[in-house]
Amino acid sequence: MSDLFVQLSAPNGCTWLQPTGLFINNEWVKSSNGHKIASINPATSEEIISVYGATAEDVDKAVKAARAALTDPTWRDLSGLERGKLMSRLAKLIEDNRETLATIDTIDNGKPYTVALNEDLTETAETIRYYSGFADKVFGQVIPTNADKFAYTVREPVGVCGQIIPWNYPLAMAAWKLGPALACGNTVVLKPAEQTPLSALFLANLIVEAGFPPGVVNIVNGYGSIAGAALASHMEVDKIAFTGSTETARHIMKMASGNLKNITMETGGKSPLIVFNDADLTEAVKWAHWGIMSNQGQAQVKNVSKVGDPFDASTFQGPQVTRAQYDRVMSYVRMGQAEKATLLCGGKPVKDIGNGKGFYIEPTVFTDVSPEMRIYREEIFGPVAVIARFATDEEAIRMANDSTYGLGGAIFTTNLTRAHQVAGRVEAGTVWINFSNVGDWRVPFGGVKQSGIGRELGQAGLDEYTNIKAVHVNVQSKL
Ligand code: NDP
C-alpha cells in the first residue's frame, strides 16, 4: 500500500484507512515537493500521522481541475434535481460513516467523542441535506418593464470557490461551505486547517462514492501561509469563503483583491452574554457555561465542567487543539491576573489526564473585570469567562457594543419587552434570548463589524454562492 493511505485506530476501537494525500480531480496525489505536516493528538501531544501539505503549484493544479469541472457538461449541465441527489447521497454517506468521522475529529481536534458524534456529525450531515433540497430551487425572477419589453434573471454559480476553514469544527465548517456552493453548481477547492485535516480528507472519499464528477470538489491540506495564500491570491479563483481570525481575514482580503474576488468572511468574536436581574438565574448560569465552555471554549460566542479524556463519555471539556492555542489561552490567564481581575476559579493546566502531556486547561472564570482590560476586549478562544457588572439597560447595551467585534450576543431576562428591545440594539449577527451559542443550519450565521462579511447557513447562505444575470427581452424587436 502506498503511503497515500494509512491504517489508523483510536482508543475507542475504531479503525479506518486514512488518506494522507491531496485530493485533486477525484484522485489522491502527493504534494509536489513531498512535504508532510504532522497532525498531533492534543490529548497526548503525540503525532497521529503526517499528511501531505500543498505547495502553490499543487493549489494551482487543484484550481485548474475545479475550473475544468465548472464548464464540463457532466457538472455544468447536470440538473438541479440531479445535483441535489448527489448531495443527499453524500449526506447519507456521512451518516453511515459518522462513528469513524467523529473518532477522527476526536483524536485530531480533542473534542469529546460524544460531542463530535452527536453535535458535529449531525450538523454536518443535516447541513448538506438541507442544501441538497435547494439545488433545484435556485431560480430568478421575471420582471415586467413596459408593454414591449421584460427582463428575467437567472442565478448562476459564482465559479471556482476557494474555501479556507479553521480547526474548531473541522467537518461542520466544511459542510457550511460545501453545502451552498454545490447546491448552486459551483466547484470548490477546500483547504482544511493544517491542525485538523484528517476528517476532511476522509470526507473526500465519500464525495467520490456519492458520485460527484472529478474536479467538482478538491481538498488540499496545507499551511495557511502557503496553500491558503496561493488560493486567496489565485487569479482563476472567483470567490473566497473564509472562517478564522480577523487578522488572517485582513490578509486574505488584500490577496483576494487582485481579481476582485467575491468574499464571505466569518471571523473573530467577543460576544456579550447579558444577565438582567429579572432573569431565571439558574438557567442563565447553565447557558452561560454552555456558551463559553462548550467546544473547549473554542466557539466564538464572552462568557464548570468536567475536563477529561475526549473518549470518556462523562467529559464535557477536552484539551485545547494545539500547544500554540494552549499557550495562547494560558497567556490570557496570566494577563487577567496582571490586570488585577479576580481569578474566581481555574486558571491552571490539568496534568492528571492520560499520559499527562495533553493540552488541558481548567475552566476559568474572572470577575471584577472592567472594559479597559485586554481580557475583556480580546478574543481568548478558550475556556475562560470574564464577568463584569452593569447597573442599567443602557449601560449593558453600551458595554455589549463597546467592541470591534459583532458576532453574537445573548440576553437573559423574563421581561419580553426588554428582551426584544435589547436584542434590537446589540450590534451582532446573532442574538440569543434566554439561551446561548446554539446554532441551526436553517438560520443564517455571520458577523457585523470586524466579525465578518456575508452570511452562511439558511437561505441567506445560498445568496453568497450565485451571481444574478439579468436578461432583457424586447418582444417587439423594433427600436
Ligand atoms: P487562522 O485565522 O490563522 O486560521 C484559519 C484558517 O486560515 C486556517 O485554515 C489557516 O491555515 C488559514 N490561514 C492562515 N494564514 C493564512 C494566510 N496568510 N492566507 C490564507 N489562509 C491562511 O486562525 P488560527 O488557527 O491561527 O487561530 C488564531 C485565532 O483565530 C484563535 O485563537 C481564535 O481567536 C481565532 N479563530 C477564530 C475562528 C472562528 O471560527 N471564527 C476559528 C479559528 C480561529 P492553517 O491551516 O495553516 O492554520
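**A tour starting at the end of helix H10**

Begin by selecting asparagine 295, which sits just after helix H10 and takes a positive phi of about 55 degrees. The model on screen is a predicted one, and the backbone angle at this asparagine should be read with that in mind. For comparison, most residues other than glycine have a negative phi.

From there, step back along the chain and select H10 itself, residues 281-293. At 1.5 Å a residue its 13 residues should span 18 Å, and the end C-alpha atoms are indeed 18 Å apart, so the expected and modelled spans agree. Colour Ala284, Ala288, His289, Gly291, Ile292 and Met293, which are the buried residues of this helix. If you look down the axis of H10, these buried residues fall within an arc of 165 degrees, so they line one face of the helix. To see what that face meets, add strand E14 (273-275), strand E18 (364-367), strand E19 (384-386) and strand E20 (408-412), against which the buried residues of H10 pack. At the start of the helix, show the side chain of aspartate 280, one of whose oxygens reaches to within 3.3 Å of the backbone nitrogen of threonine 282.

Strand E19 offers a route to the next stop, since phenylalanine 381 is placed in the loop between helix H12 (374-377) and E19. Phenylalanine 381 also has a positive phi, near 60 degrees, although it is a residue other than glycine, and at 14% relative accessibility it counts as buried.

Now select asparagine 25, in the loop between strand E3 (22-24) and strand E4 (27-29). Its phi is positive too, at about 60 degrees, but asparagine 25 is partly exposed, with a relative accessible area of 35%.

Turn next to the ligand and display the 29 residues around it, of which Trp167, Glu194, Gly224, Ser245 and Glu379 come nearest. Which polar contacts can be picked out between oxygen atoms of the ligand and serine 245, glutamine 325 and arginine 328? At serine 245 a polar backbone atom is 2.7 Å from a ligand oxygen, whereas glutamine 325 places a polar side-chain atom 3.0 Å from an oxygen of the ligand. For arginine 328, the distance from an N or O atom in the side chain to a ligand oxygen is 2.8 Å.

Then select glutamate 266, where an unreviewed UniProt entry places the feature "active site". In the model this glutamate lies in strand E13 (residues 262-266) and is buried, with a relative accessible area of 2%.

Two helical residues come next. Threonine 100, in helix H4 (residues 98-109), counts as buried at 15% relative accessibility, and beyond its neighbours within four places in sequence it is in contact with Cys14, Trp16 and Phe202. Alanine 210, in helix H7 (residues 198-210), is buried with a relative accessible area of 1%, and its contacts outside the same sequence window are Leu86, Arg89, Leu90 and Leu93. Draw a distance from alanine 210 to alanine 256, 46 residues apart along the chain, and the C-alpha atoms are separated by 32 Å.

To finish, zoom out and colour residues 28-298 and 301-471, which UniProt lists, in an unreviewed entry, for "domain: Aldehyde dehydrogenase". Over residues 28-298 the chain is 48% helix and 20% strand, with end C-alpha atoms 31 Å apart.

Note on methods. Residues numbered from 1 in each chain as written. Predicted model: local features only at pLDDT ≥ 70, side-chain atom pairs only at ≥ 80, totals over all residues. Heavy atoms only, no water. Helix = DSSP H or I, 4+ residues; strand = E, 2+ residues; numbered from the N terminus. Expected span 1.5 Å × (residues − 1). Buried < 20%, exposed > 50% of the residue type's maximum accessible area, 1.4 Å probe, protein only. Arc of directions from axis to C-beta. Contact = heavy atoms within 4.5 Å. Polar contact = N/O pair within 3.5 Å; in protein donor to acceptor, adjacent residues only side chain to side chain. UniProt positions renumbered as here; feature names shortened; annotations may be inferred. Near = heavy atom within 4 Å.
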